[in-house]
Amino acid sequence: MMTIEEAEKEYGELRPLDRDNKKYRVWRTAPVKSKGILFFSFDKKHLYNAFSDIPEELTPEQKKIFIEDEPFWASLRGLI
């Protein structure tokens with residue numbers, strides 16, 4: 001997990017935080033100039049790397065939210 005500022009310092013400019021559905025609680029972003037990196041956030045302040053922070057860095061409540069909002073990624077990372 002890292003802050004948006006830390007991610008921008010390491011990876012450069014990030015795309016705006018976005019979500020597929022206004023009901024979802026998971027926001028996504030990625031570096032503008034890098035491919036193969038995906039971040040997500042629950043609070044629009046702290047970012048998790050979809051490839052390295054799941055499931056170790058998530059609380060039980062965050063895991064539940066992630067499974068509900070992002071079933072593809074949750075399945076890919078072994079949460080379901």
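A residue counts as buried under 20% relative accessible area, as exposed over 50%, and as partly exposed in between. Arg28 has a relative accessible area of 22%, so Arg28 is partly exposed. Keep that scale in mind while walking through this structure, which is a predicted model.

Start at the N-terminal end. Met2 lies in strand E1, residues 2-3. Its relative accessible area is 18%, so Met2 is buried. Met2 and Leu79 stand 77 residues apart in sequence. In space, their C-alpha atoms are 21 Å apart.

Next comes helix H1, which covers residues 4-11 and includes Glu5. Glu5 has a relative accessible area of 57%, so this residue is exposed. Glu5 also belongs to a surface patch of negative charge. The other members of the patch are Glu6, Glu8, Glu10 and Glu13.

Now turn to charge pairing. Side chains of opposite charge can pair when their charged atoms come close. A search of the whole structure finds four salt bridges. One of them joins Arg28 to Asp20, with the closest N and O atoms 2.3 Å apart. The two partners differ in their surroundings: Arg28 is partly exposed at 22%, whereas Asp20 is exposed at 61%.

A second pair to look at is Glu68 with Arg25. Their closest N and O atoms are 2.5 Å apart, and they form a salt bridge. This pair links distant parts of the chain, 43 residues apart. Glu68 sits in helix H2, while Arg25 sits in the loop between H1 and strand E2 (27-29). Glu68 is partly exposed, with 41% relative accessibility. Arg25 is partly exposed too, at 37%.

Glu68 has another partner. The side chains of Lys64 and Glu68 meet in a salt bridge, at 3.3 Å from N to O. Lys64 and Glu68 are four residues apart in helix H2, so about one helical turn separates them. Lys64 has 46% relative accessibility and therefore counts as partly exposed. Elsewhere, salt bridges with shared partners join Asp20, Arg28 and Glu70 into one network.

Stay with helix H2, which spans residues 60-69 and contains Gln62. Gln62 has 15% relative accessibility, so it counts as buried. Its side chain has a backbone contact: the side chain of Gln62 reaches the backbone nitrogen of Thr59 at 2.9 Å.

Finally, look at the backbone. Most residues other than glycine have a negative phi, and most peptide bonds are trans. Two places here depart from that pattern. Lys44 is not a glycine, yet its phi is positive, at about 65°. This residue is found in the loop between strand E3 (39-41) and E4. Lys44 has a relative accessible area of 42%, so it is partly exposed.

The other place is the peptide bond from Ile54 to Pro55. This bond is cis, with omega near -5°. Pro55 is found in the loop between strand E4 (46-49) and H2. Both backbone features therefore fall in loops: Lys44 between E3 and E4, and Pro55 between E4 and H2.

Terms used. Residues numbered from 1 in each chain as written. Predicted model: local features only at pLDDT ≥ 70, side-chain atom pairs only at ≥ 80, totals over all residues. Heavy atoms only, no water. Patch = residues over 30% accessible without salt bridge, like charges linked within 9 Å, V, L, I, M, F, W, Y side chains within 5 Å. Areas by Shrake-Rupley, 256 points an atom, 1.4 Å probe, with all protein chains shown as cover. Lys, Arg positive; Asp, Glu negative; His and termini not counted. Charge placed at Lys NZ, Arg CZ, Asp CG, Glu CD. Helix = DSSP H or I, 4+ residues; strand = E, 2+ residues; numbered from the N terminus. Buried < 20%, exposed > 50% of the residue type's maximum accessible area, 1.4 Å probe, protein only. Polar contact = N/O pair within 3.5 Å; in protein donor to acceptor, adjacent residues only side chain to side chain.
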